[in-house]
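Please give a short report on this structure. Cover its surface, its salt bridges and its core.

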Amino acid sequence: MLSLFVLLALVGLIIFGVPIAVSLAVTAIGTYLALGETSILTMLPQRMYSATTSFTLLAIPFFILAGNLMNTGGVTERIFRFAAALVGHVRGGLGQVNVVASLIFSGMSGAAVADAAGLGQVEFKSMRDRGYDERFSAAITAASSTIGPVFPPSIPFVIFASLTGTSVVKLFLAGVIPGVLMALALMCAVYLVAVIRKFPREMRASYREIWDSFKGAFLPLGTPFIIIAGILSGIFTPTEAGVTASFYAAFLGLVVYREISFQDLPRILWDTLLHTVRVLFVIAAAGFFGWLLIHQRVPNTVINLLLSLSDNPTVIMAIIVFILLVLGMFLEGIAVLVITVPIFMPIMHTLGVDPIQFGVIMIMCSMVGLLTPPVGMVLFAVSSVTDVPIGPLVRELWPYLLGIMFVLLLVVCIPEVSTWLPSLVMGGGR
């Protein structure tokens with residue numbers, strides 16, 4: 001009964017437009033007041049503070065900063081030019097380029113909205129200028145931006161690691177194969193759409209053009225290798241990798257390409273601060289909300305409920321994935337993580353599911369949520385930068401959503417898709 005009350009209160013506040021962080025905090029406070037346990041409210045400041053003091057979470061502002069610096073410093077244009085030289089001649093032309101450029105850029109920013117709002121503008125403008133349908137261009141821009149939080153580095157993986165104590169490095173490695181599979185699935189969808197609609201082929205780039213574009217993108221392309229190699233070699237932690245990526249992006253923008261001036265830095269830093277505060281405020285409120293769930297044994301109630309429905313792990317996993325997909329339609333991805341991780345992780349332990357695999361499943365479910373109305377953050381970001389209305393954009397998205405869902409199904413049914421590479425590189429354990 002209490003679990004139902006908490007759920008209804010939270011959903012009700014969100015439906016009425018209350019910000020997710022405020023909804024989480026008010027639900028927790030209201031529940032304790034209704035139970036007459038007002039003394040526990042003295043724990044509110046401590047729980048909110050402790051939820052944001054994980055060393056792992058320090059990586060978030062730096063990866064956000066690195067993405068903002070690269071979007072401003074001319075990196076995105078160079079990545080797009082290189083991707084165009086590589087795959088521009090494949091059926092679907094700049095649609096294929098859009099996907100490959102997003103895969104490359106995802107190794108630097110780790111945030112879908114940053115990809116959609118930054119690189120997405122470059123991708124959409126190039127496609128529109130070449131005569132591509134605006135709805136098709138906006139749809140593939142939105143879909144390809146969801147590769148970012150799956151392919152390393154990934155801000156959602158950092159948050160999941162801080163909530164569960166799972167290795168950030170293993171989560172990063174676990175996202176490599178699913179991220180590449182997402183890109184391939186989207187490229188296949190673009191190809192089929194291009195064939196059906198008889199899109200023209202682009203001219204194949206010469207070896208000279210490929211080489212010139214590679215030279216232009218060489219330094220930005222080194223960013224993911226610096227991050228992953230540095231972490232795996234033990235030179236720096238994931239948090240320090242974010243700092244390194246930020247300094248490297250600043251060096252490229254200020255010194256190498258000189259497309260960022262020192263006068264631009266206050267605006268970039270301010271945008272980074274605003275984004276970071278929004279993320280950490282949600283995590284802080286979720287810290288107290290999670291304490292409520294644990295204190296009132298809500299996870300145990302949910303576990304017993306799900307196990308009473310079926311003792312088949314596949315069926316239970318399917319139910320959980322369905323719940324995550326539905327929540328993703330109404331909540332931002334980070335909010336889904338901080339609300340559901342305390343509830344579902346004990347179930348995963350009961351079922352014997354690898355937390356690395358479940359982390360990838362959760363992030364992929366949240367990526368689907370970013371593309372589904374009514375609260376798809378990427379939908380709104382792409383719609384705002386392309387002026388394509390939400391309705392036509394959603395109707396155009398279905399082939400790419402099917403591709404992403406197919407990869408999600410692979411991750412759910414074949415654990416090795418996400419766990420093989422971390423096990424190969426780092427061995428067993430969390």
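Is Arg 258 buried or exposed? Arg 258 is exposed, because its relative accessible area is 68%. This is a predicted model. Arg 258 sits in the loop between α14 and α15. Its phi is near 55 degrees, a positive value in a residue other than glycine.

## Salt bridges

The loop that holds Arg 258 is a good place to start. Glu 259 lies in the loop between α14 (238-256) and α15, and Arg 78 lies in helix α5 (residues 75-87). Arg 78 and Glu 259 form a salt bridge, with 3.1 Å between the closest N and O atoms. The pair therefore ties together parts that are 181 residues apart in sequence. Arg 78 counts as partly exposed, because its relative accessibility is 23%. Glu 259 counts as partly exposed too, at 39% relative accessibility.

How many salt bridges does a search of the whole structure find? The search finds five. The table gives three of these pairs, among them the one just described.

| Salt bridge | N to O distance |
|---|---|
| Arg 78 and Glu 259 | 3.1 Å |
| Glu 396 and Arg 197 | 2.6 Å |
| Asp 212 and Lys 215 | 3.7 Å |

The side chains of Glu 396 and Arg 197 meet in a salt bridge. Glu 396 belongs to helix α21 (residues 390-413), and Arg 197 belongs to helix α12 (residues 176-197). This pair therefore ties together parts that are 199 residues apart in sequence. Glu 396 is buried, because its relative accessible area is 9%. Arg 197 counts as partly exposed, at 40% relative accessibility.

Asp 212 and Lys 215 are both in helix α13 (residues 207-232). They are three residues apart, about one turn of the helix. An α-helix has 3.6 residues a turn, so residues three or four places apart point the same way. Asp 212 counts as partly exposed at 22% relative accessibility. Lys 215 also counts as partly exposed, at 47%. Arg 208 joins Asp 212 and Lys 215 in a network of salt bridges.

## An exposed arginine in α21

Helix α21 also holds Arg 395. Arg 395 counts as exposed, because its relative accessibility is 57%. Arg 395 and Thr 314 are 81 residues apart in sequence. In space they are 31 Å apart, C-alpha to C-alpha.

## Helix α10 and the core

Why is helix α10 (residues 155-164) described as largely enclosed by the rest of the structure? Eight of its 10 residues are buried, so the description fits. The buried residues of α10 are Ile 155, Pro 156, Phe 157, Val 158, Ile 159, Phe 160, Ala 161 and Thr 164.

Both ends of the helix have a detail to note. Ser 154 caps the N-terminal end of α10. A side-chain oxygen of Ser 154 lies 3.2 Å from the backbone nitrogen of Phe 157. Just after α10, Gly 165 has a positive phi of about 75 degrees.

Ile 159 links α10 to the nonpolar core. The largest nonpolar core has 138 residues, and Ile 159 and Tyr 400 touch the most other members. The largest share of this core, 12 residues, comes from helix α18 (residues 333-351). With neighbours within four places in sequence left aside, Ile 159 is in contact with Leu 57, Ile 60, Val 279, Ile 283, Ile 334, Leu 337 and Val 338. In soluble globular proteins, nonpolar side chains tend to be buried together.

## A nonpolar surface patch

Some nonpolar residues lie on the surface instead. Which residues form the nonpolar patch there? They are Val 22, Val 26, Trp 270, Leu 273, Leu 274, Val 277 and Phe 281. Together they have about 610 Å² of accessible area.

Two helices, α2 (20-35) and α15 (265-295), each supply at least two residues of the patch. The largest share, five residues, comes from α15. Phe 281 lies in helix α15. Phe 281 counts as partly exposed, because its relative accessibility is 42%.

Notes: Residues are numbered from 1 along each chain as its sequence is written. This is a predicted model: local features need pLDDT of at least 70, side-chain atom pairs count only at pLDDT 80 or more; totals for chains, interfaces and linings use all residues. Side-chain values use heavy atoms; hydrogens and water are left out. Patches are made of residues with over 30% relative accessible area and no salt bridge: like charges are joined within 9 Å, nonpolar side chains (Val, Leu, Ile, Met, Phe, Trp, Tyr) within 5 Å. Accessible areas come from the Shrake-Rupley method with a 1.4 Å probe; for residues, only the protein chains shown count as cover. A salt bridge is a side-chain nitrogen of Lys or Arg within 4 Å of a carboxyl oxygen of Asp or Glu. Helices (H or I, at least four residues) and strands (E, at least two) are DSSP runs, numbered from the N terminus. Buried means under 20% relative accessible area, exposed over 50%, partly exposed in between (1.4 Å probe, protein chains only). A polar contact is a pair of N or O atoms within 3.5 Å; within protein, one must be able to donate a hydrogen and the other to accept it, and residues adjacent in sequence count only if both atoms are side-chain atoms. A nonpolar core is a set of buried Ala, Val, Leu, Ile, Met, Phe, Trp, Tyr and Cys residues joined through side-chain atoms within 4.5 Å. Contact means heavy atoms within 4.5 Å.
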